[in-house]
Structures are given as C-alpha cells and as structure tokens.
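Let's take a walk through a protein together, one piece at a time. Have a look at the picture first, and then we will start with a small puzzle.

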Amino acid sequence: MGNLGNMQHTHTCMTHLLTCPVCHLRFTKVANTLKCANGHSFDIAKEGYVNLLTKKVAESAGDSKAMLQARRTFLEQGHYQPLSDTLNELIAGHLHREYANEEEPLPHLNLLDIGCGEGYYIGRLQHYLTQQFATLPCCYLGMDIAKDALRMAAKRYKTAQFVVADVWEHLSFASDTLHVLLNIFAPRNIAEFARVLMPGGILLIVFPGSQHLAELRSQLALLSIEEEKEQHISTQCRPYFDLLTTRTQRSPLHLKGAEVTQIVTMTPNFRHLSTEMQATLHAIEEIHTQTEFIVQIWQKRTQL
Ligand SMILES: [Zn+2]
C-alpha cells in the first residue's frame with residue numbers, strides 16, 4: 001500500500017472508531033481535522049496522531065521525554081521481546097479460534113493498546129499479525145496521555161493510529177467496537193474498557209509478578225510491587241469479564257551499566273529516586289536478575 005492508501009486507511013480507522021471527547025458523537029474528517037456534528041474539532045498532527053485531550057494534564061501524568069527515550073533504547077535491545085512474543089502468539093491464537101473460519105471472510109478487527117507509550121507492543125503486534133494472516137483487515141491503535149510518546153510512536157509505526165487521551169476520562173471510542181484491548185503496566189479503567197470492547201472481545205492485562213527484577217529492586221529499594229494485585233484486578237474485572245487464561249512468563253535478564261540505568265529511568269521509579277539512590281544506581285556495573293510478567297486474558301461477556 002502506498003502512502004496515499006495508508007493515509008486513507010488511517011483516517012478511516014479514526015472516523016470509524018473515535019468519538020468526540022466533548023459530546024461523544026462520531027467524527028467526520030474535514031481536511032486534516034476530525035469534526036463532530038456539534039462543531040468540536042481536533043487536528044490530526046503531521047506525524048499522524050490526534051490529540052483528544054480537552055483539559056491540561058499535569059506533566060507528571062505521562063512519561064517524560066527522558067523516560068520515553070530510555071524505554072525505547074532499552075526495548076530495542078530485545079530485553080522484553082519474550083513478553084511481546086507471548087502476547088502476539090496469544091492474540092493470534094485467539095483470533096484464529098474466534099474468526100478464522102474457512103467459509104467466512106475475516107471480519108475487520110480493531111485492536112487498541114491503552115497506555116501504549118512509544119508504541120513497542122502494538123507495533124510488534126501489527127508486524128506479527130500481518131505475517132500470520134495473509135489478508136487481515138485491521139485497525140491498530142495506541143492511546144496514551146503522553147503526547148511525546150505518541151509522536152515517537154506515530155513516526156515509527158506509520159500505519160498504526162495514535163490518540164492522546166486520558167484513561168480516566170470517558171474513552172473516546174465508540175461502544176462495542178474493539179476486538180482486542182491491551183493494557184501493559186498501565187492504568188486500568190475497567191468499566192470503560194468493558195464499554196468499548198465488543199461482546200466476546202478480549203482484554204489482555206499485563207503486570208509484574210512478585211519476582212520481577214527482584215535483585216535490582218532490593219539493591220535500590222524501588223517501589224514495591226503491589227501485593228494482591230491479581231486479586232485486585234479480578235475484583236475489578238469480574239462484573240464484566242470472564243477470565244480465560246493466566247500466563248506467568250519468566251526470563252533471565254542480565255543487564256550491564258547503561259541498561260541498568262535505562263530500566264530504572266523508564267519506569268515511575270525514576271521520579272522517586274533520591275540523590276543517594278541515583279549514586280547507588282550508577283555504581284552498579286552489572287546485575288543478574290529476571291523478569292516476571294503475569295498476563296491475564298479476560299473475555300467480555302455477551303450479556304452484561
Ligand atoms: Zn462534539
């Protein structure tokens with residue numbers, strides 16, 4: 001598909017799925033602007049993302065440029081690729097089971113990563129699914145509150161669409177339209193997730209297990225991982241979803257100097273590091289630890 005095709009596809013996804021954050025009506029596209037029938041309008045940036053924030057957000061609400069750059073550099077080295085691969089396989093397996101029926105053409109699928117940051121997981125998912133399914137018409141979307149993150153994402157993943165928005169507001173997606181929703185180490189607005197997913201659609205929630213980076217966290221006294229997180233998420237999800245699968249994924253992780261700094265800088269820990277802790281951090285030459293991710297797949301019930 002040429003550039004023109006991509007542009008048209010981009011805007012089709014945006015006008016089909018997004019709704020006005022002020023009045024919740026659908027958009028039409030006029031030049032490089034999304035407009036609702038009440039005259040609220042939002043410009044599509046030249047990089048291809050749209051900013052649907054209606055009020056100013058605190059700078060601390062999203063990741064800073066330094067955090068984003070550290071994350072991109074860290075992820076590019078493949079340290080979290082096993083997690084990305086697992087998510088891709090789980091989603092492809094689900095789509096095969098649910099939709100790949102020889103007699104019927106595949107439906108148009110809508111996949112959204114909420115809290116997508118600089119786009120690593122949704123970008124790799126798009127690449128993987130495009131290889132797995134010869135003709136799979138999809139909209140790939142990422143949402144985040146950090147405009148800088150989406151500028152990076154949109155520049156790199158040119159055929160995915162990115163929306164700047166606040167997860168704690170009414171989500172600017174039409175009800176019952178998404179087939180897959182990803183939520184990776186990000187805030188969760190479960191009632192809204194349930195509204196925008198279609199019946200039978202799946203929500204993948206990823207959060208760190210208790211052994212995640214244990215050796216590093218003990219050296220730096222990093223933010224502790226919330227105990228009983230799994231129970232907490234279950235309580236939030238059960239009114240709308242059935243739990244299909246829980247997968248625990250562990251991989252060894254060997255980090256050297258700069259990578260240790262990156263992994264700390266790319267997380268909220270960065271905002272809480274004392275000068276003393278920063279000195280400790282920079283003194284670490286290497287560390288042998290492991291990742292531990294919990295992946296839960298929840299399916300939206302057909303009758304709520
Ligand atoms: Zn409006």
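Is Cys23 buried, partly exposed or exposed? Keep in mind that this is a predicted model. The relative accessible area of Cys23 is 23%. Buried would mean under 20% and exposed over 50%, so Cys23 counts as partly exposed. His40 is also partly exposed, at 26% relative accessibility.

What do these two residues do here? Cys23 (SG) and His40 (ND1) are among the protein donors of a zinc ion, along with Cys20 (SG) and Cys36 (SG), at 2.1 to 2.3 Å from it. Cys23 sits in the loop between α1 (3–17) and β1 (27–30), and His40 in the loop between β2 (33–36) and β3 (41–43), so the pair ties together parts that are 17 residues apart in sequence. Along the chain, the donors follow the spacing C-x2-C-x12-C-x3-H. Seen from the zinc ion, the four donor atoms subtend angles of 100 to 117 degrees, and therefore the arrangement is tetrahedral.

Now let's turn to the sheet. Eight strands form an open sheet with mixed pairing, in the order β4-β7-β6-β5-β8-β9-β11-β10. Because β4 (49–51) and β10 (241–256) each have a single partner strand, they stand at the edges, and one side of each is left without a neighbour in the sheet.

At the β4 edge, three bridges join β4 to β7 (residues 161–164), and the two strands run parallel. Val50 has Val163 in β7 as its bridge partner. Helix α5 (residues 147–156) packs on the sheet, where it touches β4, β6 (138–144) and β7. At the other edge, helix α9 (residues 257–265) lies across β10 and β11 (286–300).

Terms used. Residues are numbered from 1 along each chain as its sequence is written. This is a predicted model: local features need pLDDT of at least 70, side-chain atom pairs count only at pLDDT 80 or more; totals for chains, interfaces and linings use all residues. Side-chain values use heavy atoms; hydrogens and water are left out. Two strands pair if DSSP finds at least two bridges between them. Helices (H or I, at least four residues) and strands (E, at least two) are DSSP runs, numbered from the N terminus. Contact means heavy atoms within 4.5 Å. Axes are lines fitted to C-alpha atoms, for helices over the stretch in contact, and angles run from 0 to 180 degrees between N-to-C directions. Donors are N, O and S atoms within 2.8 Å of the metal (3.2 Å for Na, K and Ca); water is not among the atoms, so sites may look incomplete. Four donors count as tetrahedral if all angles lie between 85 and 135 degrees; four count as square planar and six as octahedral if opposite donors are over 155 degrees apart and all others between 65 and 115; anything else is irregular. Buried means under 20% relative accessible area, exposed over 50%, partly exposed in between (1.4 Å probe, protein chains only).
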